[in-house]
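This report describes selected features of one model: its sheet, its largest pocket, two helix contacts and two backbone details. The sequence and structure are shown first.

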Amino acid sequence: MSEAASAPHAADRRELTAAQRNAVAELLRVSPVADELGRRFARAGHELHLVGGSVRDALLGRLGEDLDFCTDAHPDQTLRIIKGWAESIWETGREFGTIGLQRDGLRLEITTFRAEAYDQVSRNPIVEYGTSLTEDLRRRDFTINAMAVSLPDHRFTDPHGGLDDLAAKVIRTPGTPRESFGDDPLRMLRAARFAAQLRFAVHPEVHEAMARMAADLDRITAERIRDEFTKLLCGADPITGLRLLVDTGLAERFLPELTGLKLEIDEHAQHKDVYEHTLTVVSNAVSYETDGCDFVLRMAALMHDVGKPATKSVGPDGRVSFHHHEVVGARLTKARMKALRYPKDVTAQVVALVALHLRFYGYGRGEWTDSAVRRYVTDAGDLLPRLHKLTRSDCTTRNRRKAAQLAADYDALEERIARIAAEEDLARVRPDLDGNAIMELLGVPPGPVVGRAWQYLKELRLERGPLERDEAEAELLRWAREQGVIDQS
């Protein structure tokens with residue numbers, strides 16, 4: 001790779017060269033594809049540059065299988081260049097100047113140089129094609145995403161000091177933050193997202209602009225906000241991102257329940273407020289993950305106490321309580337996730353965990369029967385492993401004795417669940433008689449009566465465990481007589 005085409009902020013040439021070598025090492029891994037593609041564009045009289053997040057990730061030594069390129073070629077010209085070479089092509093981003101393709105296991109996206117203008121009402125981008133790489137890089141969100149490597153000659157271009165900011169682990173805009181966020185307010189949320197993903201700090205001027213312009217986020221669609229927030233919460237350091245959202249006022253625009261937690265003190269009158277407790281629970285939940293981000297678990301950890309402000313009460317002894325905050329919290333969580341356009345199945349899982357997160361408390365006092373354990377497992381269903389993690393994450397007390405007791409109690413509960421499950425197949429609790437047996441015994445056709453009888457037998461199964469066939473039939477007949485389904489005789 002040659003020296004930087006433009007790197008006015010690089011004070012240490014040795015550092016620049018080392019970083020470039022790091023990028024080249026990563027590029028060589030994909031160069032049979034990237035360089036070949038570059039040569040195809042060059043033969044057609046067009047430029048091609050690896051750009052944005054792909055260059056950033058190459059410099060960080062973490063380049064993946066998705067590569068982003070920019071070019072002076074328009075979409076129709078790009079299609080002609082890649083036709084017959086690409087293994088597959090998709091044009092879903094064509095209206096934004098982007099053509100996608102696959103080659104040798106790599107997913108490539110090629111976008112025409114952009115010089116975007118924005119609708120000053122909705123802030124949605126109005127795509128205008130640019131004419132130069134410099135113009136394209138200037139309109140990008142942050143300096144760390146405004147670097148390019150030309151192909152196939154590997155010329156490095158960094159007009160805004162992105163390499164220095166990458167080394168300093170700081171998030172800064174190519175122009176003024178006010179101009180950048182004025183173009184697209186979603187970039188404020190992206191700043192918090194990159195802070196969470198990369199463990200970078202936000203430049204003070206960027207932080208100030210985020211706080212001053214937070215209300216502009218109201219012009220962004222819920223879907224775009226949802227996607228950025230999901231990436232933030234799934235970042236390597238979501239706590240940093242969440243704090244930025246609250247401290248700058250961005251959270252108030254789309255997740256006010258989080259900001260509201262700062263006003264509450266927890267029920268144990270500890271020094272930490274509910275907000276700090278919540279961040280600790282999210283951090284704890286992350287530590288329980290074993291296979292990448294579990295968004296449902298993290299979101300449930302974030303929302304588990306949002307019902308506290310609405311349920312706060314102070315007793316005669318001065319102690320604070322939040323009775324039934326899990327019920328209120330589940331309702332608030334459902335409404336918030338609906339507003340953010342999350343899929344119904346994802347929302348349902350998070351809401352269920354919020355509603356169930358307090359169920360465990362009381363177990364250590366010896367109040368739980370086998371019936372209560374069965375109901376706990378049945379109500380959690382497929383969410384039981386996540387409920388285990390959420391419940392353990394919710395223990396944030398600094399009282400070591402109390403923390404150890406809670407952990408021991410939950411260990412005992414899990415052992416008890418395992419014992420009962422081995423005896424009774426708790427994963428699929430069903431009545432001891434199925435619908436056909438119910439209809440045959442009661443002499444009734446399919447309909448509401450069968451459903452009511454089935455539900456009664458399921459409740460009985462949860463309460464008493466498995467029943468022998470004759471015992472289940474006797475209980476069903478007794479219920480049917482009491483309900484007037486059959487004669488009392």
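Helices, as named here, are DSSP runs of H or I with at least four residues, numbered from the N terminus. The model is predicted.

**Largest pocket**

With helices so defined, H7 gives the largest share of the lining of the largest pocket, namely five residues. The space in this pocket amounts to about 1,300 Å³. Its lining comprises 38 residues, and those closest to the centre are Asp68, Glu109, Arg139, Arg140 and Arg190. Two or more lining residues come from each of helix H2 (53-59), E2, E5, helix H7 (186-198) and helix H9 (222-233). By class, the lining of the largest pocket holds 20 charged, 10 nonpolar and eight polar residues.

**The open sheet**

E2 and E5, which contribute to the pocket lining, also belong to an open sheet of seven strands. The order of the strands is E3-E4-E5-E2-E1-E8-E9, and their pairing is mixed. At the edges stand strand E3 (88-90) and strand E9 (156-157), each of which pairs on one side only.

Three of the pairings in this sheet are set out below.

| Strand pair | Sense | Bridges | Residues opposite each other |
|---|---|---|---|
| E3 and E4 (residues 98-103) | antiparallel | three | serine 88 and glutamine 102 |
| E1 (residues 48-51) and E2 | antiparallel | three | leucine 50 and phenylalanine 69 |
| E2 and E5 | parallel | six | leucine 67 and leucine 108 |

In a regular strand the side chains alternate between the two faces of the sheet. Helix H3 (residues 75-82) lies across strand E2 (66-71), E3, E4 and strand E5 (106-112). The direction of H3 makes an angle of about 15° with E4.

**Helix contacts**

How do helix H18 and helix H22 cross? The axes of H18 (residues 370-380) and H22 (residues 448-464) come within 6 Å and cross at roughly 125°. Angles from 65 to 115 degrees count as roughly perpendicular and those over 145 as roughly antiparallel; H18 and H22 are therefore oblique to each other. On the H18 side the contact is made by Ser371, Arg374, Arg375 and Thr378, and on the H22 side by Lys458, Glu459, Arg461, Leu462, Glu463 and Arg464. The residues of this contact divide into seven charged, two polar and one nonpolar.

A second contact joins helix H8 (residues 204-212) and helix H10 (residues 238-248), whose axes lie 8 Å apart at an angle of about 55°. H8 and H10 are therefore also oblique to each other. Here His207, Met210 and Ala211 of H8 meet Leu244, Asp247 and Thr248 of H10. The contact of H8 with H10 has three nonpolar, two polar and one charged residues.

**Backbone details**

Most residues other than glycine have a negative phi, and most peptide bonds are trans. Two places in the model depart from these patterns. Leucine 151 and proline 152 are joined by a cis peptide bond with omega of about 10°. Proline 152 is placed in the loop between strand E8 (148-150) and E9. Lysine 169, a residue other than glycine, has a positive phi near 55°. The loop that holds lysine 169 runs between helix H5 (162-168) and strand E10 (170-171).

Notes:
Residues are numbered from 1 along each chain as its sequence is written. This is a predicted model: local features need pLDDT of at least 70, side-chain atom pairs count only at pLDDT 80 or more; totals for chains, interfaces and linings use all residues. Side-chain values use heavy atoms; hydrogens and water are left out. Axes are lines fitted to C-alpha atoms, for helices over the stretch in contact, and angles run from 0 to 180 degrees between N-to-C directions. Angles under 35 degrees count as roughly parallel, over 145 as roughly antiparallel, 65 to 115 as roughly perpendicular and the rest as oblique. Contact means heavy atoms within 4.5 Å. Ala, Val, Leu, Ile, Met, Phe, Trp, Tyr, Cys and Pro count as nonpolar, Asp, Glu, Lys and Arg as charged, and the others, Gly among them, as polar. Two strands pair if DSSP finds at least two bridges between them. On a 1 Å grid over the protein atoms alone, a cavity is a set of points where a 1.4 Å probe fits but cannot get out, and a pocket is an open set with protein on both sides within 12 Å along at least five of seven lines; lining residues have an atom within 4 Å of a point. Grid points are joined across faces, edges and corners, and a volume is the space filled by probe spheres set on the points.
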